[in-house]
Amino acid sequence: MGNGVSIAFLVAGGPAGTSLRKLGTGVAALQNDNTYPFEVSHEEGTLLVNGKLLGPVVVEKDAILGGVGRIDNAVFLRPGASRLADRGGGCRGRARSGPAA
């Protein structure tokens, strides 16, 4: 995957406020189906969801969201953020877009 990292972890439960924050211009791929609705904050680079997420995903300016997985919650695309499907890529996730809060 070049300068990226593949993350294969399962969050089955956790304390209130559990979250994942993706930083850096590289590519990170989330591979597992998670059963805990933690929030994902995606601030830079590309995040590929190839598993299942139950919590909301916030995609910041200039960040890219893609993958073949599924997000069963709102996806907040800030102005300037994009999804691979918007760029003609192969994103087949079933994410719902929500307003940028």
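**View 1. An exposed loop residue, Asp62, in the predicted model.** In this predicted model, Asp62 is exposed, because its relative accessible area of 55% lies above the cut-off of over 50% that defines the term. Asp62 belongs to the loop that connects strand S7 with strand S8 (64-66). Although Asp62 is not a glycine, its phi is positive, at about 70 degrees. As background, most residues other than glycine have a negative phi.

**View 2. Strand S4 and its pairing with S2 and S7.** Strand S2 (residues 19-22) and strand S4 (residues 39-42) run parallel and are joined by four bridges, and within this pairing Lys22 stands opposite His42 of S4. S4 also runs parallel to strand S7 (residues 57-59), to which three bridges join it. Here His42 stands opposite Val59 in S7, so that a reader following His42 meets Lys22 in the one pairing and Val59 in the other, as pairing is defined by bridges between strands.

**View 3. The largest nonpolar core.** The largest nonpolar core is made up of 15 residues, and those with the most contacts inside it are Leu47, Leu53, Val57, Val59, Leu65 and Ile71. At least two residues of this core come from each of strand S3 (27-30), strand S5 (46-49) and S7.

**View 4. The surroundings of Val57.** Val57, which is among the core residues with the most contacts inside the core, touches Val40, Ile71, Ala74, Val75 and Phe76 when residues up to four places away in sequence are not counted. One of these partners, Ile71, is likewise listed among the core residues with the most contacts.

Definitions and conventions: Residues are numbered from 1 along each chain as its sequence is written. This is a predicted model: local features need pLDDT of at least 70, side-chain atom pairs count only at pLDDT 80 or more; totals for chains, interfaces and linings use all residues. Side-chain values use heavy atoms; hydrogens and water are left out. Two strands pair if DSSP finds at least two bridges between them. Buried means under 20% relative accessible area, exposed over 50%, partly exposed in between (1.4 Å probe, protein chains only). A nonpolar core is a set of buried Ala, Val, Leu, Ile, Met, Phe, Trp, Tyr and Cys residues joined through side-chain atoms within 4.5 Å. Contact means heavy atoms within 4.5 Å.
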